[in-house]
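I opened this model to see how its parts fit together. My notes follow in the order in which I looked things up.

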Amino acid sequence: MKGDKVYYTLEEVRDLIFSQKISKSTIRKLAITGQIPTVRIFSKRLVPVWWVTEALANATNAPSSRKEATR
């Protein structure tokens, strides 16, 4: 488990999924309204890796490992 990423920062999600095409304030609003699931640790909002994996799979029409695990 050491070295495995469990959460991404909002900035990393902005880079990975949205290619910096949306503003920092927009991604923050999506997180605050619950459209992007987050865990709040102190003042930081972190996005679970499973959500990023699913979002990328949906964008590329690739099967996500989470969907396969539930079958």
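I began with the largest nonpolar core, which has twelve residues: Tyr8, Leu10, Val13, Ile22, Ile27, Ala31, Ile36, Val47, Val49, Trp51, Val52 and Ala55. A nonpolar core here is a set of buried Ala, Val, Leu, Ile, Met, Phe, Trp, Tyr and Cys residues joined through side-chain atoms within 4.5 Å. Buried means under 20% relative accessible area, exposed over 50%, and partly exposed in between, with a 1.4 Å probe and protein chains only. Helix 1 (10–16), helix 2 (24–32) and helix 3 (49–60) each supply at least two residues of this core. Helix 3 gives the most, four residues.

I noted how the entries are made. The model is predicted: local features need pLDDT of at least 70 and side-chain atom pairs pLDDT 80 or more, while totals for chains, interfaces and linings use all residues. Residues are numbered from 1 along each chain as its sequence is written, and side-chain values use heavy atoms, without hydrogens and water.

Next I listed the elements. The protein chain has four helices and three strands, in the order β-α-α-β-β-α-α from the N terminus. Helices (H or I, at least four residues) and strands (E, at least two) are DSSP runs, numbered from the N terminus.

I then looked up one core residue, Ile27. Apart from neighbours within four places in sequence, Ile27 is in contact (heavy atoms within 4.5 Å) with Leu10, Val13, Arg14, Phe18, Ile22 and Ile36.

I turned to helix 3. Val49, Trp51, Val52, Glu54, Ala55 and Ala57 are its buried residues. What span should its twelve residues have at 1.5 Å a residue? The expected span (1.5 Å times one less than the number of residues) is 16 Å, and the end C-alpha atoms are 17 Å apart, which agrees. After helix 3 comes Asn61, with a positive phi near 60 degrees.

The sheet came last. It is open, with three strands in the order 1-3-2 and antiparallel pairing; two strands pair if DSSP finds at least two bridges between them. Strand 1 (7–9) and strand 2 (39–41) are the edges, each pairing on one side only. Three bridges join strand 2 to strand 3 (residues 44–48), and Ile41 stands opposite Lys44 in strand 3. I also found helix 3 lying across strand 1 and strand 3, at about 55 degrees to strand 3. Axes are lines fitted to C-alpha atoms, for helices over the stretch in contact, and angles run from 0 to 180 degrees between N-to-C directions.
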